Amino acid sequence: MRNMKSIYFFNEGDGNNKKLFGGKGAGLAEMTRLGLPVPPGFTITTEVCNMYYASGKKLPRNLMNKVKKKIVKIEKKTGKKFGSIENPLLVSVRSGAAISMPGMMDTILNLGLNNKTVIGLAKKSNNPRFAWDSYRRFLQLFGKVVFGIDDKKFEQALERAKHAQNVQADSDLNEESLQKIVLEYKTICENHLGKPFPEDPYKQLELAIEAVFRSWMGERALVYREKYKITKDIANGTAVNVVTMVFGNMGNDSATGVVFTRNPGDGTRKVFGEYLVNAQGEDVVAGIRTPQPIDNLARELPKTYTQLMKTCEKLERHYKEPQDIEFTVEQGKFYMLQTRSAKMNAIGMIKTSVDMVKEKLISRDRAILRLQPEQLDQLLHKTIDTVAAKNYPSIVKGIAASPGAATGIVVFDVKKAVQFGDEGVKVILVREETKPEDVPAFFASVGILTSRGGKTSHAAVVARGMGKPGIVGCSDMKIDYAAKKFQVEGKTVLEGEVITIDGSDGNVFLGEVPTIEPKLTDDFRTILNWAEKTKRLGIRANADTPEAAKLAREYGAKGIGLCRTERMFNARDRLGLFVDMIMTRTIEERKAVLEKLMVLQKSDFKEILTAMKGYHVTIRLLDPPLHEFLPNIEELINRIHSLEKQNTSSEIDATKRILDRARELAEINPMMGHRGVRIGITFPEIYEMQIRAICEAAAELVKEKVDAHAQIMIPQVGSVTELIQIKKIYDQIKSSVESKYEIKLKINFGTMLEVVRGCLTADEMAKVTEFFSFGTNDLTQAVFSFSREDVEGKFLPEYIEKEILVENPFQSLDVNGVGSLMQIAIAKGKSVKPNLEIGICGEHGGDPISIKFCHKAGLSYVSASSHRIPIAILAAAQAALLEKSERKPKTKKSKKKK
Ligand code: PEP
Ligand code: MG
């Protein structure tokens with residue numbers, strides 16, 4: 001560390017090492033190396049920033065000596081001198097970390113000005129007004145950033161000066177007024193400091209470098225890094241760039257501007273941006289004057305325009321990526337101040353990916369790798385029109401659970417939601433939480449909003465499965481069902497009022513916020529097609545209805561990895577029957593109701609298998625505890641009270657019977673209770689009915705010559721003996737259906753791995769199964785001992801804020817914990833059956849980072865909700881490409897060894 005090089009001239013830097021030089025420093029180094037006109041300067045590395053913090057916020061002892069040597073070299077190059085009265089050198093001191101954090105850290109301009117050099121600048125520029133204006137801007141920025149003085153003090157002084165001179169705009173202030181402002185600004189600083197303002201440019205520089213390092217840990221930067229999950233391995237510290245000042249405000253042959261080499265809104269190949277003649281960057285930001293579209297530059301400063309276009313072309317060819325560029329023209333001389341990869345929306349990214357391949361600028365692999373899978377979400381759902389939404393402040397924010405925007409009236413009651421939905425009214429179902437018995441209202445609503453629960457709670461999973469926008473865990477929203485209202489800070493929203501929810505970021509708005517319809521372009525299809533050919537992982541869908549199956553297929557899913565059969569019982573004509581079944585007391589009574597349900601299930605299975613013909617459809621037998629299909633106990637008590645008031649005795653008795661049964665079945669911890677295979681063991685007739693429905697559906701489809709491939713999957717299995725018991729039922733029913741239809745059926749039998757013991761005994765499980773599917777929602781719950789229904793709305797946000805956890809493990813797979821357990825299970829399973837089909841059907845199956853893990857772990861497929869299929873395809877292709885690139889160097893080494 002002691003001997004490490006801490007300062008690099010731009011021509012010594014490494015454009016590929018953003019970690020050391022920061023994005024801005026790397027860009028300046030690369031442009032200098034390419035021969036582009038970058039003002040002379042140097043970068044102090046991010047390592048120095050880390051040393052600054054490691055030594056208790058002190059700059060390394062000899063740093064300023066090294067800085068001085070570099071400044072002397074700049075002086076030689078430019079012919080200007082730091083502190084000179086004749087031809088002063090002024091510099092900007094700019095922050096820049098490995099990841100761009102726009103506006104989150106500090107920068108100081110015009111450094112080097114003092115009471116003497118301002119005279120030099122006035123003489124040299126032949127423009128005293130400009131010199132004094134630069135000086136007052138410097139004092140204001142320096143006072144604010146270095147000394148932490150409230151900007152208001154400077155603004156008030158500026159306002160007083162404008163008032164005294166009787167002008168409106170800053171640009172109308174004359175030299176005399178500006179000189180007075182400089183005096184006042186100095187007094188503000190000196191009063192604050194209790195000592196004179198530092199006149200020595202080197203002292204100014206030292207203070208500015210320190211201030212930039214300090215801004216790395218400033219509140220804005222910390223919040224930004226947390227929001228965008230910028231961890232230390234992504235960006236560790238800021239670099240400081242000291243750059244010779246060039247001025248775009250030195251007359252009508254000077255200008256400043258910002259351009260994108262392609263349009264960031266739609267990706268069109270045309271330079272896009274704005275500029276201003278005789279101005280500094282700040283003027284553009286402050287909106288004092290309206291910038292001109294870049295095309296006008298061709299007329300106003302034709303030579304500069306040609307230089308700019310050539311530079312754009314050169315940078316794109318070099319970086320193979322559209323660039324976002326800052327330039328300045330000082331008295332006709334063109335300078336480049338910054339270049340970085342352009343941030344674009346999803347449409348822009350996709351179009352540029354396809355275009356650049358057509359232009360032979362990049363390969364297909366690179367076109368796939370440069371996209372962010374999550375960004376595709378923008379193209380698959382209705383989104384809030386962010387520009388128009390500015391007039392609609394968000395009233396509360398919850399957990400973004402199912403993407404897309406929806407507007408509708410607030411309805412708290414499930415029955416009412418169904419009734420309104422039938423009448424064509426757009427409804428947002430607002431509940432504290434939801435249960436399977438609420439699902440009919442999901443069908444009837446355009447969006448779901450709950451005050452409890454997390455990303456894998458019932459409401460979240462069902463909304464995602466149906467592709468309906470959903471927000472969960474909105475804990476600042478207090479619902480009062482009795483008064484039919486909810487309250488958020490400072491506002492009460494009544495049932496029937498219109499709200500808009502944004503399931504992509506969790507915001508709730510009052511009224512109808514304008515939205516943008518999704519667009520599936522040809523370019524999007526092209527990218528998916530390329531990704532499809534690149535990936536190794538299979539992509540299946542979590543789909544419970546024929547509609548979801550059709551949509552998933554359209555998006556490119558090849559099979560269904562999870563069809564949750566309980567969802568079918570939630571359809572309106574089934575729920576009543578299912579409740580009847582739960583209410584039965586004898587096995588005969590139960591079988592009679594199940595007989596009726598079987599007919600309905602069979603027809604559902606036939607439809608889904610047909611929609612996915614040619615591919616596997618994994619049907620999971622009943623999983624949730626039975627009481628979840630009964631109304632909530634509190635609601636039943638309320639219902640009985642109101643029936644008693646109306647004196648409708650027959651209904652009272654029926655409701656009381658349901659209440660008794662609900663109390664009987666209630667569990668303290670239902671997620672670990674009487675569910676999954678445990679229902680199959682204790683009420684075998686339920687699983688028998690489902691297995692028969694699947695076998696008969698498959699048999700009838702064989703007769704109808706439909707290429708159906710059903711698989712039966714058992715949930716919550718913890719021991720092989722459970723599986724063996726169910727397998728017996730399966731074998732027996734399958735062969736009876738085979739005899740009935742006089743055919744042979746191929747229906748694979750498999751288990752979910754979502755119980756820790758199930759994973760640890762996967763070798764035993766493999767002996768009786770043909771496939772495994774990881775249920776990582778329950779597995780995460782079990783491995784962490786975190787209730788998947790509660791933690792996201794309770795302590796998880798604080799855990800993430802305090803960096804106890806980096807990510808929400810229900811969203812992005814916990815590779816070290818849950819992932820290790822999966823690897824044990826995979827190894828055990830494959831030790832018995834090397835070609836065992838192993839997939840994942842927890843919500844992680846649609847998460848790009850988790851998909852990378854699944855690829856590496858050698859899974860056969862991932863299963864994601866229909867709307868995440870394109871994201872999963874792209875992420876799977878990226879995983880394959882990354883693996884390819886990681887392997888390359890190893891192959892070389894191993895060859896050498898040989
Ligand atoms: C799981 O646990 O990961 C799973 C897919 O099942 P469910 O979410 O229905 O419990
Ligand atoms: Mg589960």
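A salt bridge is counted here when a side-chain nitrogen of Lys or Arg lies within 4 Å of a carboxyl oxygen of Asp or Glu, and by this rule the count comes to 57 salt bridges. The model on screen is a predicted one, and the tour below moves from these charged pairs to the metal, a sheet, two cysteines and a surface patch.

Begin by selecting Arg262 and Glu359, which form a salt bridge whose closest N and O atoms are 2.7 Å apart. This pair links distant parts of the chain, 97 residues apart, since Arg262 sits in the loop between E6 and E7 while Glu359 sits in the loop between helix H13 (346-358) and helix H14 (364-369). Arg262 is buried, at 0% relative accessibility, whereas Glu359 is partly exposed, at 23%.

With Arg262 still in view, colour the strands that flank its loop. Strand E6 (residues 255-260) and strand E7 (residues 272-277) pair in the antiparallel sense over six bridges, and among the paired residues Ala255 has Val277 in E7 as its bridge partner. Widening the selection shows an open sheet of five strands with antiparallel pairing, in the order E8-E7-E6-E9-E10; its edges are strand E8 (292-293) and strand E10 (333-341), each of which pairs on one side only.

Next, select the magnesium ion (ligand 2), whose protein donors are Glu754 (OE) and Asp778 (OD), lying 2.0 to 2.1 Å from it. Glu754 lies in the loop between strand E28 (748-753) and helix H29 (756-760) and Asp778 in helix H31 (residues 776-784), so the two donors tie together parts that are 24 residues apart in sequence. Both Glu754 and Asp778 are buried. Keep Asp778 selected and add Glu566, Arg620, Asp623, Arg675 and Arg788, because these residues, with Asp778, are linked in a network of salt bridges.

Now turn to Cys841 and Cys854. Why is there no bond between them? The sulfur of Cys841 is 11 Å from the closest cysteine sulfur, in Cys854, which is too far for a bond, and a disulfide would need the two sulfur atoms within 2.5 Å. Cys841 is buried at 1% relative accessibility, as is Cys854 at 0%, and the count for the model comes to zero disulfides.

Finish at the surface by selecting Phe795, Tyr799 and Ile804, which make a nonpolar patch of about 270 Å². Within this patch, Tyr799 is placed in helix H32 (residues 796-801) and is partly exposed, with a relative accessible area of 31%.

How values were computed: Residues are numbered from 1 along each chain as its sequence is written. Chains are lettered from A and ligands numbered from 1 in the order in which they are written. This is a predicted model: local features need pLDDT of at least 70, side-chain atom pairs count only at pLDDT 80 or more; totals for chains, interfaces and linings use all residues. Side-chain values use heavy atoms; hydrogens and water are left out. Patches are made of residues with over 30% relative accessible area and no salt bridge: like charges are joined within 9 Å, nonpolar side chains (Val, Leu, Ile, Met, Phe, Trp, Tyr) within 5 Å. Accessible areas come from the Shrake-Rupley method with a 1.4 Å probe; for residues, only the protein chains shown count as cover. Helices (H or I, at least four residues) and strands (E, at least two) are DSSP runs, numbered from the N terminus. Buried means under 20% relative accessible area, exposed over 50%, partly exposed in between (1.4 Å probe, protein chains only). Donors are N, O and S atoms within 2.8 Å of the metal (3.2 Å for Na, K and Ca); water is not among the atoms, so sites may look incomplete. Two strands pair if DSSP finds at least two bridges between them.
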